[in-house]
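Biologist: I would like to learn how to read a model of this kind, feature by feature. Could you take me through it slowly, with the general idea and then the case at hand?

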Amino acid sequence: MEANTPRIAVLYATEEGSTRDIAEFIGDALAARGAEIELSDIEHAPELSGFNAVVLGSAVHDMALLPAMTSYVHTHHDELVRAQVWLFSVGLGPALRGPIGRRVGRTVPKKIAALRDSISPRGYHAFAGHYERAGVSLKARTLYRLMGGGRYGDLRDWTAILAWTSDIAQSLGLPQAKSTPIHP
């Protein structure tokens with residue numbers, strides 16, 4: 001890579017793999033635009049001092065980012081405040097439909113909002129992930145239906161993910177990609 005090539009750390013915390021897939025896609029899209037990418041799960045994150053930007057992503061459980069991501073943000077707070085950071089979350093909210101579901105889906109849970117605001121990222125986006133019916137209680141399935149959940153399976157919106165990644169690339173002054181990465 002050239003000396004002036006932006007170095008971007010794409011760090012994620014995942015439980016089922018959906019967040020990792022999104023992080024890999026974001027990394028591939030930024031690499032296609034000329035950035036040097038270091039992709040890592042949050043437990044093996046590299047030292048941040050050698051990067052021009054950081055993209056953080058975490059699954060959402062119990063209306064909060066995973067504990068590993070929360071701990072990482074607290075531990076590296078000062079570095080993240082000084083860096084160009086983008087943050088995304090992966091959960092069920094963005095997949096909800098209907099009047100109640102859309103309102104709930106647009107609301108950023110308080111714990112996530114507080115953590116996000118503590119580091120003032122340049123951008124934040126919530127994406128839908130996988131939601132499988134198997135192993136989900138009747139109560140949870142009923143609540144999902146009442147809030148406008150229409151289907152199960154892969155609910156990720158790859159077009160929205162690519163658009164958000166393009167915003168990151170533009171903010172960093174990266175050139176247009178010669179090809180678009182293929183999502184999993």
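Modeller: What follows is a walk through the chain as a whole, then a strand pair, a helix, some salt bridges and a few single residues.

Modeller: Before we begin, this is a predicted model, in which local features need pLDDT of at least 70 and side-chain atom pairs count only at pLDDT 80 or more, whereas totals for chains, interfaces and linings use all residues. Residues are numbered from 1 along each chain as its sequence is written, and side-chain values use heavy atoms, with hydrogens and water left out.

Biologist: How many helices and strands are there in the protein chain?

Modeller: Helices (H or I, at least four residues) and strands (E, at least two) are DSSP runs, numbered from the N terminus. In the protein chain there are 7 helices and 8 strands.

Biologist: And what share of the residues is buried?

Modeller: A residue is called buried under 20% relative accessible area, exposed over 50%, and partly exposed in between, with a 1.4 Å probe and protein chains only. Of the 184 residues in the protein chain, 43% are buried. Accessible areas come from the Shrake-Rupley method with a 1.4 Å probe, and for residues only the protein chains shown count as cover; the protein chain exposes about 9900 Å², of which carbon and sulfur atoms supply 52%.

Biologist: What do the contacts say about parts that are distant in sequence?

Modeller: Contact means heavy atoms within 4.5 Å. Among contacts between residues at least 6 apart in sequence, 81% join residues at least 24 apart.

Biologist: Which way do β1 and β2 run, parallel or antiparallel?

Modeller: Two strands pair if DSSP finds at least two bridges between them. Here β1 and β2 run parallel and are joined by 6 bridges, and one of the partners is Ser 40 in β2, which is bridged to Leu 11. Together with α1, these strands make a right-handed β-α-β unit, where right-handed means that, with the strands pointing away from the viewer, the path from the first strand over the helix to the second runs clockwise.

Biologist: Now a helix: where do the buried residues of α5 lie around the axis?

Modeller: The general idea is that an α-helix has 3.6 residues a turn, so residues three or four places apart point the same way. In α5 (residues 110-119), the buried residues are Ile 112, Ala 113, Leu 115, Arg 116 and Ile 119. They cover an arc of only 165° around the axis, which puts them on the same side of α5; the arc is that of the directions from the helix axis to the C-beta atoms. On the other side, Lys 110 and Lys 111 are exposed. The buried residues of α5 pack against β3, β4, α2, α3, β5 and β6, and the helix is followed by Ser 120, whose phi is positive, near 45°.

Biologist: How many salt bridges does the count come to?

Modeller: A salt bridge is a side-chain nitrogen of Lys or Arg within 4 Å of a carboxyl oxygen of Asp or Glu, and by this rule there are 6. One of them joins Glu 36 to Arg 7, with the closest N and O atoms 3.3 Å apart; this pair links distant parts of the chain, since Glu 36 is in strand β2 and Arg 7 in strand β1, 29 residues apart. Glu 36 is partly exposed at 27% relative accessibility, and Arg 7 is partly exposed at 25%. In α5, Arg 116 and Asp 117 meet at 2.8 Å, N to O; Arg 116 is buried at 19%, whereas Asp 117 is partly exposed at 48%.

Biologist: Which residues are linked in a network of salt bridges?

Modeller: The network links Arg 20, Asp 21, Glu 24 and Arg 156. Glu 24 and Arg 20 both lie in helix α1, 4 residues apart, about one turn of the helix, and their closest N and O atoms are 3.9 Å apart. Asp 21, also in helix α1, is buried at 15% relative accessibility and, leaving aside neighbours within four places in sequence, is in contact with Arg 156, Trp 158 and Pro 184.

Biologist: Is Ser 89 buried or exposed?

Modeller: Ser 89, which lies in strand β5, is buried, with a relative accessible area of 3%. Beyond its neighbours within four places in sequence, Ser 89 has contacts that include Ser 58, Leu 65 and Tyr 124.
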